[in-house]
Amino acid sequence: MLALALVAVALVAPPRPHIVAKLIPFGAKRLAETAAYAKKHYGTATYALRPRAIVEHVTATSTFSAAYNTFAADVPDAELHELPGTCAHFVVDRDGTIYQLVPTNVMCRHTVGLNWAAIGIEHVGLSDAQVLGDAAQMRSSLTLTLWLMWKYRIGLANVIGHNESLTSPLHRELYAPWRCQTHADWQHVDMVAYRARLAALARRYAFAVGPTFRPRPSGC
């Protein structure tokens, strides 16, 4: 009886949030650029993604349209000057609207060292604190992340902030000059708070998410 009950709980899915499809252009040229990028940085010449992790980001913009236009433009990025252009799979706006920009089976360039394995979620805003303090945005973010965790069997240990990328066991970067590259958004202390809220939401659905993220030494 107990075993049956556990199986039943495991099959209960967290709710799928409302997602607005607003796909960026991702034609043959950008797919080929993504495959070439993957070959250089991960050793696999493919644009296909099998999600194993989720990386949370902050757009550093005040509007969704500014972030969308940056991701839609397939031009070398301003920081690292490489193609394909940067992008994210989802963007959560300040009012809680969730936009999907890229299919989750396509690699998207959002986190050096983790693009081969991770779905990227951007949050419109200027800081971690701003996002954490926005009730509507956080409700949507947590609901989206939890649903993606259930759909792709991703544990809490693989839900990280961009700034935690170097300490993820999934981090892989073959191009030596980029091995220690990361960004400042979603610092560890803020992700501790985010993951605590995520775990609390999971408990409402009796969804076991496993142990939390434990940073590993990066050597950087």
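**Group meeting: a walk through the core, the cysteines and the rings**

Hi everyone. Let's start in the middle of the protein: the largest nonpolar core has 30 residues, and the ones touching the most other members are Leu-144, Met-149 and Tyr-194. Who supplies this core? Strand S2 (53–58), S3, S5, helix H4 (128–132), helix H5 (135–152) and H6 each give at least two residues. H5 makes the largest contribution, with seven residues. Before I go on, please keep in mind that this is a predicted model.

Let me stay with Met-149 for a moment. Which residues does Met-149 contact once its neighbours within four places in sequence are left aside? They are Ile-54, Ile-154, Gly-155, Leu-156, Val-159, Leu-198, Phe-207 and Val-209. Apart from this core lies another one, of 16 residues, and among them are Ala-67, Tyr-68, Val-102 and Val-124.

Here is a residue you may want to click on: Gln-137, which sits in helix H5. Is Gln-137 buried or exposed? Its relative accessibility is 0%, so Gln-137 counts as buried. Not counting residues up to four places away in sequence, Gln-137 touches Val-92, Asp-93, Arg-94, Gly-96, His-123, Val-124 and Val-131.

Now, the cysteines. As a quick reminder, a disulfide is a covalent bond between the sulfur atoms of two cysteines. How many disulfides turn up in a search of the whole structure? The search finds two.

One of them joins Cys-87 and Cys-108, with the sulfur atoms 2.0 Å apart. Cys-87 lies in the loop between helix H3 (64–72) and strand S3 (90–92), while Cys-108 lies in the loop between strand S4 (98–100) and strand S5 (118–123), so this pair ties together parts that are 21 residues apart in sequence. Cys-87 and Cys-108 are both buried.

Then there is the disulfide of Cys-180 and Cys-220, whose sulfur atoms are 2.0 Å apart. This link is left-handed, with -80 degrees about the S-S bond. It connects distant parts of the chain: Cys-180 is in the loop between strand S6 (159–161) and helix H6 (188–204), and Cys-220 is in the segment after H6, 40 residues apart. Cys-180 has 37% relative accessibility, so it counts as partly exposed. If you number the bonded cysteines in sequence order, the pairing reads 1-2, 3-4.

On to helix H2, residues 28–42. Its 15 residues, at 1.5 Å a residue, should span 21 Å, and the end C-alpha atoms are 20 Å apart, which agrees. Which residues of H2 are buried? They are Arg-30, Leu-31, Glu-33, Thr-34, Ala-35, Tyr-37, Ala-38, His-41 and Tyr-42. A bit of helix geometry helps when you look at such a list: an α-helix has 3.6 residues a turn, so residues three or four places apart point the same way. The buried residues of H2 pack against H3. Just after H2 comes Gly-43, with a positive phi of about 80 degrees.

Last topic, the aromatic rings. A pair of rings is described by the distance of the centres and the angle of the planes. The count here comes to six aromatic pairs. Phe-64 and Tyr-99 form a stacked pair, 3.9 Å centre to centre with 15 degrees between the planes. Phe-64 belongs to helix H3 and Tyr-99 to strand S4, so the pair ties together parts that are 35 residues apart in sequence. Phe-64 counts as buried at 8% relative accessibility, and Tyr-99 is buried too, with a relative accessible area of 16%.

Trp-186 and Tyr-194 meet in another way: their pair is edge-to-face, 5.4 Å centre to centre with 70 degrees between the planes. Trp-186 is buried, with a relative accessible area of 0%, and for Tyr-194 the value is 0% as well, so Tyr-194 is buried. You met Tyr-194 earlier, in the 30-residue core.

There is also an aromatic cluster, made up of Tyr-37, Tyr-42, Tyr-175 and Trp-178. Two of these names came up before: Tyr-37 and Tyr-42 are among the buried residues of H2. Where does Lys-40 come in? Lys-40 lies over the face of Tyr-175, at 4.3 Å from the ring centre. Elsewhere, the charged end of Arg-153 sits over the ring of Trp-150, 5.2 Å from its centre.

That's my tour. Thanks for listening!

How values were computed: Residues numbered from 1 in each chain as written. Predicted model: local features only at pLDDT ≥ 70, side-chain atom pairs only at ≥ 80, totals over all residues. Heavy atoms only, no water. Disulfide = S-S within 2.5 Å. Helix = DSSP H or I, 4+ residues; strand = E, 2+ residues; numbered from the N terminus. Buried < 20%, exposed > 50% of the residue type's maximum accessible area, 1.4 Å probe, protein only. Core = buried A, V, L, I, M, F, W, Y, C linked by side-chain atoms within 4.5 Å. Contact = heavy atoms within 4.5 Å. Expected span 1.5 Å × (residues − 1). Phe/Tyr/Trp six-rings, centres within 6.5 Å; stacked < 30°, edge-to-face > 60°. Lys NZ or Arg CZ within 6 Å of the ring centre and 35° of its normal.
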